[in-house]
Amino acid sequence: MVVSRLRSEVRKQLKENGHEADWIISHATGMSQSDFVMNPREVTDDEMQKINEIITRRNSGEPLQYILGYTEFMGMTFKVNEDTLIPRQDTETLVETVVTGLGSKKVRVLDIGTGSGCIGISIAKLCPNAEVVLLDYSDAILSVAKENAELNGVNVEFIRCDILEEIPKGEYDIIVSNPPYIETDVIFSLDNIVSSYEPVEALDGGFDGLMFYRRIIEEVAKEILKEDGEVAFEIGYTQGDDVSEMLREEDFSNIKVLRDPCGNDRVVTARLRSGIFHSI
Ligand SMILES: C[S@@+](CC[C@H](N)C(=O)[O-])C[C@H]1O[C@@H](n2cnc3c(N)ncnc32)[C@H](O)[C@@H]1O
């Protein structure tokens, strides 16, 4: 079948996921989307079989990113598997905030709950003077982050640490984190894709969704942030007031809640107040 006809056929078969047709065809055939128009050709039987297998898995609910094994984030390619959360476009707001703030400063950055490494690796790529450390709790997760660091040509460090139990070693200028922030009870009522396929450990923020912010703000940051060090968190869109209040109570200053392009609260940043004059 010629590719132009195949596109509308695949769109139909994918039903509500029809917008993913071009990505699937590109993946299976190696043709770029401009090839579909400029250099169309017949799709081979092998390619057709690959496409049909992907459609079957996709129609049973499996996320396309897990089927193909990669996704795009900040214009870069990141490998993903069932151990790692699929990077979301929402999270680009956090990366853009940090990258804009850092510019070419020489700073040490810790990405807590790195998963695929999408946040820390993007920062390392876009801020070449930043020394970035990626932290997560399991070797399986960190090995995906390592592959992604190589794939994107950045030099970063890795720490395996359960942030709820241990305080990582070292001193940092910036803690950046998109921690698990969904209330435990809500997780299993989420969209089928999220609750059946993505790792619960990447989502579960405890009974009120705030467990990781509490731990990082009240215990971790004070131990490992340098004077005037800063935190930048992704938050759920209803969590801006709670996280800001937590930061205020723990003596952070310059607390800002920033919105994503859809207008939802998405990022909180703050500075650890320090120095001998701050309380006067
Ligand atoms: C919401 S996901 C974010 C993943 C990735 N940073 C992103 O933005 O796509 C939260 C991450 O926190 C990690 N995590 C969960 N519990 C943890 C713990 N106790 N210690 C360290 N990391 C943890 C998960 O493995 C997961 O990678």
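The shell around the ligand is made up of 11 nonpolar, six polar and three charged residues. The model in which this shell appears is a predicted one. Among the 20 residues that surround the ligand, the nearest are Gly113, Gly115, Tyr137, Asn178 and Ala202.

At the level of overall organisation, the domain assignment divides the protein into domain 1, covering 3–60, and domain 2, covering 82–272. Taken over C-alpha atoms, the centres of domain 1 and domain 2 are 35 Å apart.

Helix H2, spanning residues 21–29, offers a neat view of how helices come together here. Its buried residues are Ala21, Ile24, Ile25, Ala28 and Thr29. These residues lie on the same side of H2, because the arc they cover around the axis is only 110°. The partners against which the buried residues of H2 pack are helix H1 (3–13) and helix H4 (45–59). Just after H2 comes glycine 30, which has a positive phi, near 80°.

Turning to the strands, S8 (residues 252–259) and S9 (residues 265–272) run antiparallel and are joined by six bridges. Within this pairing, leucine 258 has valine 267 of S9 as its bridge partner. S8 and S9 together form a hairpin, with five residues between the two strands. The turn of this hairpin contains glycine 263, where phi is again positive, at about 90°.

Methods: Residues numbered from 1 in each chain as written. Predicted model: local features only at pLDDT ≥ 70, side-chain atom pairs only at ≥ 80, totals over all residues. Near = placed C-beta within 6 Å. Nonpolar A, V, L, I, M, F, W, Y, C, P; charged D, E, K, R; others polar. Domains from an automatic or database assignment. Pairing = 2+ DSSP bridges. Helix = DSSP H or I, 4+ residues; strand = E, 2+ residues; numbered from the N terminus. Buried ≥ 20, exposed ≤ 12 C-beta atoms within 10 Å, placed from the backbone. Arc of directions from axis to C-beta. Contact = placed C-beta atoms within 7 Å.
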